[in-house]
Amino acid sequence: MTKEKLPVLRDAPSHPGPKGVGRRDFTLLVLGWVGTLGSMLAASAGALRGLVPNLLDEPNLRYRAAKPTDYLDGTDSFLDEIRIFIQRKGNGYRAMSAVCTHLGCTVSPDEKTGRGFRCPCHGSVFDEDGRVLEGPAPTPLPCYELSMARDGRLVIDRDRPVSADRYLMLESDPDSRSDTTDPEGERA
Ligand code: FES
């Protein structure tokens with residue numbers, strides 16, 4: 001009686017990934033592809049974003065204030081909403097920032113001396129033209145371009161700094177006109 005040879009069972013070899021790459025290496029390869037693809041998409045989106053005009057998220061830096069007659073001669077009128085003083089000297093008008101150039105606190109007229117401005121946070125002192133008299137503020141308070149809108153209101157352009165000696169000069173005494181006024185002002 002001949003012995004029948006029984007088949008020998010062995011573990012099947014694990015199936016390699018493409019091009020002979022093992023399963024673990026294959027997974028890492030796929031993750032690498034996904035990462036690269038994600039980076040390429042992000043870069044493309046950034047490039048396309050640069051082509052779209054930036055119309056939506058830029059703040060409006062033009063501010064329409066009140067009419068010249070609302071600002072008394074010789075005063076610094078504080079516009080709370082934009083932290084700017086409108087300063088009037090006769091027929092001349094100037095818009096000066098009230099934001100301290102040290103760390104951004106709001107300065108106020110210096111009650112100690114009755115002239116210029118003082119910062120309540122760390123004590124910087126500025127003269128009437130915004131120049132630093134005492135630090136730690138590193139630079140003067142900036143002034144911004146003032147113009148007149150068609151409806152007779154003052155317009156401050158915070159995108160256009162000007163030197164402190166630049167006043168908007170009105171040809172005639174604004175107080176001699178019979179304008180109606182809006183003391184609150186609004187955005188241009
Ligand atoms: S924030 Fe004005 S002195 Fe510091």
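# Close-up views of a predicted chain

**View 1. A disulfide links Cys105 and Cys121.** Cys105 and Cys121 are joined by a disulfide, S to S 1.9 Å. The term covers a pair of cysteine sulfur atoms within 2.5 Å. The structure holds one such link. The dihedral about its S-S bond is -95°, which makes the link of Cys105 and Cys121 left-handed. Cys105 sits in the loop between strand 4 (92–97) and strand 5 (108–109), and Cys121 in the loop between strand 6 (117–118) and strand 7 (125–126), so the disulfide ties together parts that are 16 residues apart in sequence. Strands here are DSSP runs of E with at least two residues, helices are runs of H or I with at least four, and both are numbered from the N terminus. Cys105 is partly exposed at 22% relative accessibility. Cys121 is partly exposed too, with a relative accessible area of 38%. Buried means under 20% relative accessible area, exposed means over 50%, and partly exposed lies in between (1.4 Å probe, protein chains only). Two further cysteines are worth locating. Cys100 is buried, with a relative accessible area of 4%. Cys119 is buried, with a relative accessible area of 4%.

**View 2. The whole chain, with its confidence.** This is a predicted model, in which local features need pLDDT of at least 70 and side-chain atom pairs count only at pLDDT 80 or more, while totals for chains, interfaces and linings use all residues. Residues are numbered from 1 along each chain as its sequence is written, and side-chain values use heavy atoms, with hydrogens and water left out. pLDDT is the predictor's confidence in each residue, from 0 to 100. Its chain average is 78, and 61% of the residues score at least 70. Residues 178–187 stay under 50, and for them the model has 25 contacts beyond four places in sequence. A contact means heavy atoms within 4.5 Å. Where pLDDT is low, the predicted coordinates should not be read in detail. The chain has one helix and 12 strands. Their order from the N terminus is α-β-β-β-β-β-β-β-β-β-β-β-β. Of the 188 residues, 27% are buried. Among contacts between residues at least 6 apart in sequence, 49% join residues at least 24 apart.

**View 3. Strand 2 and strand 3 form a hairpin.** Four residues lie between the two strands, and Arg83 in the turn has a positive phi of about 50°. Strand 2 (residues 76–79) shows alternating side chains. Ser77 and Leu79 point to one face and are buried. Asp76 and Phe78 point to the other face and are not buried. Strand 3 (residues 84–89) runs antiparallel to strand 2, and four bridges join them. Two strands pair if DSSP finds at least two bridges between them. Ser77 has Ile86 of strand 3 as its bridge partner.

**View 4. Phe78, Phe85 and Phe117 form one aromatic cluster.** Rings of Phe, Tyr and Trp (its six-membered ring) pair if their centres lie within 6.5 Å; planes under 30 degrees apart are stacked, over 60 edge-to-face, and the rest tilted. The count comes to two aromatic pairs. Phe78 and Phe85 have ring centres 5.3 Å apart and planes at 50°, so this pair is tilted. Phe78 is partly exposed, with a relative accessible area of 36%. Phe85 is buried, at 2% relative accessibility.

**View 5. Arg94 of strand 4 is placed among its partners.** Arg94 counts as buried at 2% relative accessibility. Its side chain makes a polar contact of 2.9 Å with the side chain of Asp129. Another polar contact, of 3.4 Å, joins the side chains of Arg94 and Tyr167. A polar contact is a pair of N or O atoms within 3.5 Å; within protein, one must be able to donate a hydrogen and the other to accept it, and residues adjacent in sequence count only if both atoms are side-chain atoms. Beyond four places in sequence, Arg94 touches residues including Phe85, Ile86, Glu128, Cys143 and Leu146.

**View 6. Leu154 lies in strand 10 (residues 154–162).** Leu154 is buried, at 0% relative accessibility. Residues that Leu154 touches beyond four places in sequence include Tyr63, Pro68, Tyr71, Ile86, Tyr93, Leu146 and Leu168. Leu154 and Leu168 are 14 residues apart in sequence, with their C-alpha atoms 9.4 Å apart in space.
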